[in-house]
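Visitor: I would like to learn how to read a side-chain contact and a domain interface. Please start with a single residue.

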Amino acid sequence: MKINTGAVLVISLFLTACAGSETAKYPTLIDNVTSENIQRILQSDVIPSTGESHGEVISRVSSAFLGTPYQADTLIGGADTPEVLVANFNHVDCFTLIDYVEALTRSRDQKSFLNNLVKIRYAGGHVDYLSRRHFFTDWFATVPRNARDVTPEISPDFLVANKQLNRKADGGEYIAGLGVHPRKINYVPGKAINEHLLNRLKPGDYVGVFSPLSGLDVSHVGIVVRHDGKVWFRNASSLAANRKVVDSPFIEYMQSKPGIVVLRSD
């Protein structure tokens, strides 16, 4: 099932969501093509999947996004702009792709999808720019947790980097007002990525490309899938040759990279 990315009419509405014991209202932006695709994917790929592993459902749901055009900065919110919950399947970047896929796998209808998207995209379920999970490792380091870090289980050759997330080399912040977050990052260096490691990866694992830059955890993210007897990295590629969601051969893609961080949503 491929996503229809034709012309759309954008509509704005409000949802009511529970954040802990509080009830919060927030603006939501979703177009009618995205709405139709949510229902189609849930009916064809999620609801019939009872009894399957979560990873297999992630793999199948993510296949609906193959060929979806790449576009950065589709979310709305910033230091001077109120945050809006955006659901836009017409264009994705690497982070919004995994947000949408994980939210879909946990849902049964559009309302539950949007509520799950809040839980996945925002720490504490607060629809706010500074509560947005700006870093991949926020998926396991902030609550509610989206996934767990299985990097040490994937390879005995994993290394540990102690990072000050959000702090630039010059002392400034990537995200103004977010503050600095000390975090231990487990990663497998690119030179240790081999067939043995591939055998430990599971379909549906979320993989980040480790960044050696100060203040960052990863530079790119995607999803492990298996087909045609190979392991692939499904990702929203910004490369000029792609500019869309593609499957890249995993080992060839990653061996030249600084390393990988592997998260698993069970």
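Guide: The side chain of His181 comes to 3.2 Å from the backbone oxygen of Leu178. A polar contact is a pair of N or O atoms within 3.5 Å; within protein, one must be able to donate a hydrogen and the other to accept it, and residues adjacent in sequence count only if both atoms are side-chain atoms. This is a predicted model, where local features need pLDDT of at least 70, side-chain atom pairs count only at pLDDT 80 or more, and totals for chains, interfaces and linings use all residues. Residues are numbered from 1 along each chain as its sequence is written, and side-chain values use heavy atoms, with hydrogens and water left out.

Visitor: Is His181 buried or exposed?

Guide: Buried means under 20% relative accessible area, exposed over 50%, partly exposed in between (1.4 Å probe, protein chains only). At 31%, His181 is partly exposed.

Visitor: How is the size of an interface given?

Guide: Often as the accessible area lost when the parts come together. Here the domains, from an automatic or database domain assignment, are domain 1 (28–131) and domain 2 (137–264). The area buried between them is about 2300 Å² (accessible area, 1.4 Å probe, lost on being put together, summed over both parts). Carbon and sulfur atoms give 66% of that area.

Visitor: How many salt bridges cross the interface of domain 1 and domain 2?

Guide: A salt bridge is a side-chain nitrogen of Lys or Arg within 4 Å of a carboxyl oxygen of Asp or Glu. The rule finds zero across this interface, while nine residue pairs are in polar contact, both at pLDDT 80 or more.

Methods
Buried area is the accessible area (1.4 Å probe) that two parts lose on being put together, summed over both.
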